[in-house]
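Got the viewer open? Let's walk through this one stop by stop, from the whole chain down to single residues.

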Amino acid sequence: MSSAERPERAPDVVSGWIVASGGKRYLATDSGWFELLTAAGTTYKAPELRDGIPAKLLGSFSGPTTFLVDDVLSAGTRPSGPPRFAVHPSQVLKRMSSVRAAIERHLQELGLTYVMLPSVWTPSREYGEDEYALTYKGSETGLIFLQSDEFPLYGLLADGFGPFYSWGRCLRHESAASRMHLFEFEQLNIGAPHTSLPEMMAIVESVVLVAADVLGVKISRNFERSKVPPESGLRAGDLDTLLVPENTPQAAIDVLLRGIRDVGGVVSLEGTPTGRVVRLAADQAENERARARLQTAARVFDANNSGELSTRWWTHMPRGWLEAEETPSDHGVRSITGARSAEPAFDGSDAIEECELYIDGVEVAHAGILATAEEFQENVLDAGAPRHHYQWLVEKLDKAPPSMAKVGIGWERLVAALVGGPDLSEFQVYSRPPQLNG
């Protein structure tokens, strides 16, 4: 067929939030940031596209991070009441689109197929439903929004589909009065049958290395494996002062000071014979966000001094919760979907075939082997969860393929860990302002 005979491609319609930064316009969506250009390649600057408003645009994608605008279909106003979103004009967020595109290419080269897993589900099909209050009383539709899509992934693998990957939109339930579920964070979910846990861990490691290469970050390619749970690391309340290396540019120090002051921290800069010290005022001890930013700066300085970020797996995780762990769960089983491990946990207790990946102490991925039909029913019983909620899955598991592996990689967490973000919300396209969290 000649070019003259080819049918013209229908234009794309995209929706998101307008972000003005550095004289350019961007559309922030839950699939990344897209620079808005004209057909001539210049910045699209329609007067109705003001910073911080929602908009629906007509046009075409010219690459993984650019969108050529033909027309503005609609442009709203800044939201006036809760729930509100804070869209951060961060350089990191703009680069996340390039990282996502590189990861997509990598997974497809590995032979994985993209699927879209459902976020809307029928009632009573998610472990922890009562804990997270994911349904409304008196709902007429009988549908719920899932906090995550692990059970659709589990069911798809049990049906014999795979290997595949999916970008999972994880939702949070607002107050009953608002009757809303809001996008909270995103996971890169991967599922594959006939796959061992070390093989799935190798896929995760390759994804992390691709992301690090795109971001230009030095990271250890020696992914340590340990049964011992990771130390909690510095908590926000553990750090009041930071010794700044002598060769740190003044501009970098200014950014750190401004960031701490932006969240209400009272901070000073003092000179020493070996460098400079950033110090929080003693009466600001209750300012957790200010301390968290100081803590992150300490982690980044440590990484720069050592030359690369550390990578570590926590393997053979205990089947039950540890006393020191903070969890909202009322159930004694860590994972209702996890297969039992033949090898015990570090403390001699029963373990599950699941593990977590940490980059410089920040958890970024949770991988595991999914339970067989028998193991799953034992987990449901031990957790005290209502068995009839999962009869649909038990029937699938009776004919499921062996060794079904899965992983959830926290997308914002991964980028935040690699670049040393001071606050996870700064890497979420649609995070809420601090005063609305809680």
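Accessible areas here come from the Shrake-Rupley method with a 1.4 Å probe. On that basis the protein chain exposes about 21200 Å², with 51% of that area supplied by carbon and sulfur atoms. Keep in mind as you click around that this is a predicted model.

**The whole chain**

Start with a cartoon view of everything. You should be able to pick out nine helices and 20 strands in the protein chain. Now colour by burial: of the 438 residues, 49% are buried. If you switch on a contact map, look at pairs at least 6 apart in sequence; 69% of those contacts join residues at least 24 apart.

**Two helices: α4 and α9**

Next, select residues 197–215, which are helix α4, together with residues 411–419, which are helix α9. How far apart are their axes, and at what angle do the helices pack? The axes are 10 Å apart and the angle is about 50 degrees. Angles from 65 to 115 degrees would count as roughly perpendicular and those under 35 as roughly parallel, so α4 and α9 are oblique to each other. Their crossing is right-handed.

Show side chains where the two helices meet. On α4, the contact is made by V208, A211, A212 and L215, and on α9 by L414, V415, L418 and V419. What kinds of residue are these: nonpolar, polar or charged? Eight are nonpolar, with no polar and no charged residues in the contact.

Stay on α9 for a moment. This helix is mostly covered, with seven of its nine residues buried. Click through W411, E412, L414, V415, A416, A417 and L418 to see the buried ones.

**A strand stop: L68**

Jump to strand β5, residues 66–75, and select L68 in that strand. Leave out residues up to four places away in sequence, and L68 touches L37, T38, L58, G59, S60 and S62. Take T38 from that list and draw a distance to L68: their C-alpha atoms are 5.3 Å apart, although the two positions lie 30 residues apart along the chain.

**A glycine in a loop: G265**

Now go to the loop between α5 (250–262) and β13 (267–272), where you'll find G265. Is G265 buried or exposed? The cut-off for buried is under 20% relative accessible area, and G265, at 8%, therefore counts as buried. Add L280 to the selection: C-alpha to C-alpha, G265 and L280 are 7.0 Å apart in space, and they are 15 residues apart in sequence.

**A cis peptide: G162 and P163**

Zoom in on the backbone between G162 and P163, which are joined by a cis peptide bond with omega at about 0 degrees. P163 sits in the loop between α3 (150–158) and β9 (164–173).

**Two positive phi values: H194 and S403**

Last, two loop residues to look at as a pair. H194 is in the loop between β10 (181–192) and α4. This residue isn't a glycine, yet its phi is positive, near 55 degrees. H194 is also exposed, since its relative accessible area is 57%.

Then select S403, in the loop between α8 (391–397) and β20 (405–410). S403 isn't a glycine either, and its phi is positive at about 50 degrees. How does S403 count by accessibility? Its relative accessibility is 33%, so S403 counts as partly exposed.

Terms used: Residues are numbered from 1 along each chain as its sequence is written. This is a predicted model: local features need pLDDT of at least 70, side-chain atom pairs count only at pLDDT 80 or more; totals for chains, interfaces and linings use all residues. Side-chain values use heavy atoms; hydrogens and water are left out. Helices (H or I, at least four residues) and strands (E, at least two) are DSSP runs, numbered from the N terminus. Buried means under 20% relative accessible area, exposed over 50%, partly exposed in between (1.4 Å probe, protein chains only). Contact means heavy atoms within 4.5 Å. Axes are lines fitted to C-alpha atoms, for helices over the stretch in contact, and angles run from 0 to 180 degrees between N-to-C directions. Angles under 35 degrees count as roughly parallel, over 145 as roughly antiparallel, 65 to 115 as roughly perpendicular and the rest as oblique. A crossing is left-handed if the near helix is turned anticlockwise from the far one by less than a right angle, and right-handed if clockwise. Ala, Val, Leu, Ile, Met, Phe, Trp, Tyr, Cys and Pro count as nonpolar, Asp, Glu, Lys and Arg as charged, and the others, Gly among them, as polar.
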